[in-house]
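Here is a short tour to read with the structure open beside you. Take it one topic at a time and find each residue as you go.

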Amino acid sequence: MTEIQPDFTIEQDLQGYSEEEHAVWRSLFERQQRLLAERACGEYLEGLGALGVAAGGIPDFRRLSDVLDDATGWRIVAVPGLVPDDVFFTHLAHRRFPSTCFIRRRDQLDYLQEPDVFHDICGHVPLLMNPVFADYMQAYGEGGLKADSLGHLQRLARLYWYTVEFGLIATEEGLRIYGSGILSSAAESVYCLADPKPRRIRFDLWRVMRTRYRIDDLQQTYFVIDSFQQLFDATAPDFTPIYREVAALAELDPDLLLKEDQEFAAPTRQP
Ligand code: PHE
Ligand code: FE
């Protein structure tokens, strides 16, 4: 690994990947391509196409960054793994997306708890090609620094979890995926749309900020937005008073349904 900089960035050692590591990428990529064609939202598929994220192997961050930069002014920076919250937020606030470099082993194709390069690049980066989503991510970074100083990071983290990582979007063709945690998981891409078990609830900022989440299993609740513009507008107000209001309300378990929740009809498509 190259030297770690004060902002936790490193150099992506593209030459250092083995043939097996590129082959793992290809396996993951091909499987998700098949699954996502009819499950991911149009904005994601467009971004993926325009980026030309190579099916051939682990891509060069610099080349992807040049395409991304032209589209929305974002760049990818390489990091060794999860970075401290304030470092993460500062990168986002400057339109830099921190991506890990390592790739999972072949026996971890189906599940990995921590983010790897496939999750970060194939899951997160395509949507950064979308101007509205790109602005949302920058605003989130700025909001993170503020939440940290106000002591409300946990509530803001729930918003990230239930949108950026595990969000669904309603389209004319039905529900579609935009959350990167789903997009990079074969099992969850099928489960989140087709399984009768999880709840699919219309997005509500307060509701999301009150809801705990599990990091070690498929989600029990998904929140559904109508559009990225709706998400951006709903999160644009100053959160300072909202954090106080939310803090006065009970926290909710991830499988709970409130009577005011607007639930989407159970899926009819077969898993
Ligand atoms: N509006 C939020 C605030 O004032 C910032 C934010 C924007 C947070 C978008 C998340 C997403 O803190
Ligand atoms: Fe992620």
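The notes below cover the ligand site, the metal site and the aromatic pairs.

Please keep in mind that this is a predicted model. Ligand 1 has 93% of its 330 Å² of accessible area covered by the protein, the iron ion (ligand 2) is held by H119, H124 and E165, and the structure contains 16 aromatic pairs.

**Around ligand 1**

- The residues surrounding ligand 1 are Y136, A139, Y140, G143, K146, L156, L159, T235, A236, P237, D238 and F239.
- Sorted by class, this shell is made of 8 nonpolar, 2 polar and 2 charged residues.
- K146 brings a side-chain N or O atom to 2.5 Å from an oxygen atom of ligand 1.
- The backbone takes part too: an N or O atom of T235 sits 2.7 Å from a nitrogen atom of ligand 1, and a polar backbone atom of A236 is 3.3 Å from a nitrogen atom of the ligand.
- Two elements, helix 6 (131-150) and helix 7 (153-165), each give two or more residues to the shell.
- Helix 6 supplies the largest share, with 5 residues.

**The iron ion (ligand 2)**

- Coordination comes from NE2 of H119, NE2 of H124 and an OE atom of E165, at 2.0 to 2.1 Å.
- Along the chain, these donors follow the spacing H-x4-H-x40-E.
- H124 belongs to helix 5 (residues 117-124) and E165 to helix 7, so this pair ties together parts that lie 41 residues apart in sequence.
- Both H124 and E165 are buried.

**Aromatic pairs**

- W25 and F29 form a stacked pair, with 6.4 Å centre to centre and 15 degrees between the planes.
- These two residues are 4 apart in helix 1 (residues 19-36), which means that about one helical turn separates W25 from F29.
- W25 counts as buried because its relative accessibility is 0%, under the 20% cut-off.
- F29 also counts as buried, because its relative accessibility is 5%.
- W25 pairs with F118 as well, this time edge-to-face, at 5.4 Å centre to centre and 80 degrees between the planes.
- That contact links distant parts of the chain, as W25 is in helix 1 and F118 in helix 5, 93 residues apart.
- F118 is buried, as is W25.
- Elsewhere on your tour, look for W161, Y162, F166, Y213 and F223, which ring pairs link into a cluster.

How values were computed: Residues are numbered from 1 along each chain as its sequence is written. Chains are lettered from A and ligands numbered from 1 in the order in which they are written. This is a predicted model: local features need pLDDT of at least 70, side-chain atom pairs count only at pLDDT 80 or more; totals for chains, interfaces and linings use all residues. Side-chain values use heavy atoms; hydrogens and water are left out. A residue is near a molecule or strand if one of its heavy atoms lies within 4 Å of it. A polar contact is a pair of N or O atoms within 3.5 Å; within protein, one must be able to donate a hydrogen and the other to accept it, and residues adjacent in sequence count only if both atoms are side-chain atoms. Accessible areas come from the Shrake-Rupley method with a 1.4 Å probe; for residues, only the protein chains shown count as cover. Ala, Val, Leu, Ile, Met, Phe, Trp, Tyr, Cys and Pro count as nonpolar, Asp, Glu, Lys and Arg as charged, and the others, Gly among them, as polar. Donors are N, O and S atoms within 2.8 Å of the metal (3.2 Å for Na, K and Ca); water is not among the atoms, so sites may look incomplete. Buried means under 20% relative accessible area, exposed over 50%, partly exposed in between (1.4 Å probe, protein chains only). Rings of Phe, Tyr and Trp (its six-membered ring) pair if their centres lie within 6.5 Å; planes under 30 degrees apart count as stacked, over 60 as edge-to-face and the rest as tilted.
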